[in-house]
Amino acid sequence: MSGPAGVGVVTWRALRDRRRALAGLAGWSALEALPALLTGYLLARAVDEGFLAGRPGTGLSWLGAAAVAVLVGAAATGRVHSRLGAVVEPFRDELVARVVRATLATATRTAAPPDSAAVARLTHQVEVVRDTFGGLLMVVRGFLFAGGAALLGLLALAPVVAALVAVPLGAGLVVFAVTLPAMVRHQGRYVRAGEALGRSAATVLAGHRDVLACGARDRVVSGVGREVAAQAAAERTLARMTALRSVSLGVGGWLPLAVLLLAAPWLVERGLTAGEVLGALVYVGTGLQPALHALVQGVGGGGLRYVVTLDRILRTSVAPESAPPPPSTALTPPPPGSGGSASVTATPAGAGVAARLHRVSFRHGAGARPVLVDFSLTLPEGDHLAVVGPSGVGKSTLAALLSGLVDPQTGTVEVAGAPVRGTPPPVLARRRVLVPQEAYVFTGTLADNVRYLRPDADDEAVLVALDAVGAAPVTARLGGPSGPVDPARLSAGERQLVAAARAWLAPAPLVILDEATCHLDPAVEAVVEAAFADRPGTLVVVAHRISSALRARRVLLLDGDRPVLGAHADLLSVSPTYSDLVSHWTGRPDPVEVSR
């Protein structure tokens with residue numbers, strides 16, 4: 001839900017969930033409003049019963065009581081701000097979490113360009129909402145308590161004066177309420193213009209060299225100039241809207257004061273004392289007028305920014321949709337001799353197929369050379385596939401397509417019998433695990449890092465995973481599963497071992513190693529791959545060394561022309577490129593036996 005209604009719902013939930021903090025805020029606000037309630041009345045008594053009656057001691061006593069009320073209000077003000085933080089800060093944290101979740105979900109689920117506006121939402125717009133939300137609570141609270149206290153005091157002091165003041169005050173509030181929707185629309189236009197300018201500037205800065213090389217400087221400058229002009233026009237419109245706020249302030253804030261001064265002789269003729277007239281002026285001038293001014297300026301300024309900015313966050317930070325759990329996948333090895341080719345087999349999806357790419361085409365940009373064209377591949381459950389080929393031919397792109405990090409321009413990719421496109425990341429994480437070349441390790445314990453994808457694993461399971469991939473020396477050096485991990489103090493190879501153990505322990509049946517052992521020596525790399533080969537499930541290895549292909553059941557060669565799929569010995573006989581790769585690593589083009 002978005003728009004003002006969505007903003008209202010989110011705001012109401014934020015307030016409802018913090019009822020206790022709001023109750024405390026209201027209680028201290030009532031004490032803070034004590035001077036607004038009593039000052040006019042006490043001043044009127046001091047003048048009428050004290051100074052004008054020739055009893056200065058009595059007048060000073062009444063003023064002393066007013067001073068006590070002011071001290072009580074000042075003490076309550078400090079408590080008000082502490083209670084305000086208990087309402088505002090958790091709301092800000094919820095928005096940050098919402099923006100981060102949505103941005104990461106979009107970035108990992110689609111092949112769209114990075115959302116540069118997400119940084120603005122996180123670093124600027126969330127802080128705008130936080131500040132304006134707190135400001136709105138303060139001004140609305142101030143008007144309700146301080147303005148309400150002043151009206152009550154005025155009603156108790158002189159009911160006829162309260163009636164005179166209420167009419168222009170209500171008229172000013174009506175003028176403000178009528179103009180508020182237009183203010184919201186123009187504030188939204190201003191925010192959208194700012195985001196459009198940010199996107200345009202980011203695009204130009206990222207491609208400034210191409211702009212100069214293509215001689216498109218004038219065209220690009222003109223385009224950015226239009227965005228600048230649009231934002232300037234929106235800002236000028238906002239400035240004009242300030243005049244409307246001034247009208248409501250004049251009618252509701254200054255007109256009551258003028259009415260009271262003009263009516264003072266008439267009020268005195270009808271029995272009001274000089275002290276009561278002075279007290280009424282105090283209620284209007286120091287109570288109602290400041291409260292209305294704060295309300296109009298706060299809602300008309302910060303309130304508009306709050307509504308528009310929060311609506312922008314809600315529209316662009318949609319929470320990832322939930323999806324049903326993945327279908328169960330049997331982890332039985334394929335039949336002996338189940339070779340394959342780079343085309344779809346007749347095996348039905350979800351019945352013995354771990355992953356499938358069907359007529360997939362992909363390129364990194366509209367003008368870029370295609371990486372894959374009409375490419376098809378079926379991975380049976382329990383398969384062990386090595387992907388080899390020259391650098392830059394598209395091996396990592398294939399891994400990204402299989403794992404759902406990017407979507408193909410045409411064709412379909414399925415994992416565990418379900419399309420990858422549109423599947424939420426939490427669901428994909430239960431179906432496949434990708435270990436990239438640069439391993440992700442975070443500050444915490446070793447066990448926290450290893451069980452990251454399987455939180456319910458105990459320390460014994462963590463140790464089994466670490467031992468399986470040959471990380472026992474790392475475990476011993478760090479002091480066991482509970483040992484602290486500082487990523488900066490781990491070598492690149494140690495980080496890869498920790499990431500490998502994490503993937504080995506993960507529940508996902510499909511494991512994709514994208515040069516995930518490139519920082520390990522050949523012996524340790526062999527241990528890691530053997531561990532995954534023995535693990536139930538399907539293994540895809542983007543090979544860093546040709547020895548990975550020798551250990552695999554099948555080898556996929558990407559050579560920029562036509563992919564070739566088969567066993568190691570078959571590829572040696574049919575592919576000169578593969579023979580060259582083997583010769584480069586082993587010094588001999590004939591088949592090489594590798595023990596497993």
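Start with helix α10, where Lys-395, Thr-397, Leu-398, Ala-399, Ala-400, Leu-401, Leu-402 and Ser-403 are buried. That makes eight of the nine residues in the helix, which spans residues 395-403, so α10 is largely enclosed by the rest of the structure. Step just past the end of α10 and you reach Gly-404, whose phi is positive at about 85 degrees. Keep in mind throughout that this is a predicted model.

Now zoom out. The protein has 19 helices and 12 strands, and 45% of its 596 residues count as buried. How do the contacts spread along the sequence? If you take contacts between residues at least 6 apart in sequence, 76% of them join residues at least 24 apart. On the outside, the accessible surface adds up to about 28500 Å², with 63% of that belonging to carbon and sulfur atoms.

A good example of distant pieces meeting is the pair Phe-133 and Tyr-306. Phe-133 sits in helix α5 (residues 117-157) and Tyr-306 in helix α9 (residues 274-316), 173 residues apart along the chain. How do their rings meet? The centres are 5.7 Å apart and the planes make an angle of 20 degrees; stacked pairs need planes under 30 degrees apart, so this one counts as stacked. Both Phe-133 and Tyr-306 are buried. There's a third ring to look for here, since ring pairs link Phe-91, Phe-133 and Tyr-306 into a cluster.

Stay with helix α9 for a moment, because Asp-311 lies there too, and at 13% relative accessibility Asp-311 counts as buried. Asp-311 and Val-129 are 182 residues apart in sequence, yet their C-alpha atoms are 9.9 Å apart in space.

The structure holds four aromatic pairs, and another one to pull up is Tyr-440 with Phe-442. Their ring centres are 5.8 Å apart and their planes are at 40 degrees, so this pair is tilted. The two residues also sit on either side of the burial cut-off of 20%: Phe-442 counts as buried at 18% relative accessibility, while Tyr-440, at 49%, counts as partly exposed. For a ring with a charged neighbour, go to Tyr-41, where Arg-45 lies over the face at 5.0 Å from the ring centre.

Next, the charged pairs. Side chains of opposite charge can pair when their charged atoms come close, and the structure holds 25 salt bridges. Arg-16 and Asp-17 form one of them, at 3.5 Å from N to O, with Arg-16 partly exposed at a relative accessible area of 34%. Glu-269 and Arg-270 meet in another, at 3.8 Å. Both ends count as exposed, with Glu-269 at 64% relative accessibility and Arg-270 at 53%.

Which salt bridge ties together distant parts of the chain? Try Arg-553 and Asp-383, which meet at 3.9 Å, N to O, and are 170 residues apart. Arg-553 is in the loop between α17 (546-551) and β11 (554-557), and Asp-383 is in the loop between β2 and β3 (384-388). Arg-553 is partly exposed, with a relative accessible area of 38%, whereas Asp-383 is buried at 2%. Salt bridges can also share partners, and here they join Glu-89, Arg-92, Asp-93, Glu-127, Arg-130 and Asp-131 into one network.

A couple of backbone details deserve a look as well. Most residues other than glycine have a negative phi, and most peptide bonds are trans. Asp-374 has a positive phi, near 50 degrees. You'll find Asp-374 in strand β2 (residues 372-380), partly exposed with a relative accessible area of 41%. Ala-416 also has a positive phi, about 55 degrees, although it is not a glycine. Ala-416 lies in the loop between β4 (410-415) and β5 (418-419), and at 7% relative accessibility it counts as buried.

Finish at the surface, where Leu-31, Val-68 and Val-72 make a nonpolar patch of about 220 Å². Leu-31 belongs to helix α2 (residues 19-32) and is partly exposed, with a relative accessible area of 36%.

How values were computed
Residues numbered from 1 in each chain as written. Predicted model: local features only at pLDDT ≥ 70, side-chain atom pairs only at ≥ 80, totals over all residues. Heavy atoms only, no water. Phe/Tyr/Trp six-rings, centres within 6.5 Å; stacked < 30°, edge-to-face > 60°. Helix = DSSP H or I, 4+ residues; strand = E, 2+ residues; numbered from the N terminus. Buried < 20%, exposed > 50% of the residue type's maximum accessible area, 1.4 Å probe, protein only. Lys NZ or Arg CZ within 6 Å of the ring centre and 35° of its normal. Contact = heavy atoms within 4.5 Å. Areas by Shrake-Rupley, 256 points an atom, 1.4 Å probe, with all protein chains shown as cover. Patch = residues over 30% accessible without salt bridge, like charges linked within 9 Å, V, L, I, M, F, W, Y side chains within 5 Å. Salt bridge = Lys/Arg side-chain N within 4 Å of Asp/Glu carboxyl O.
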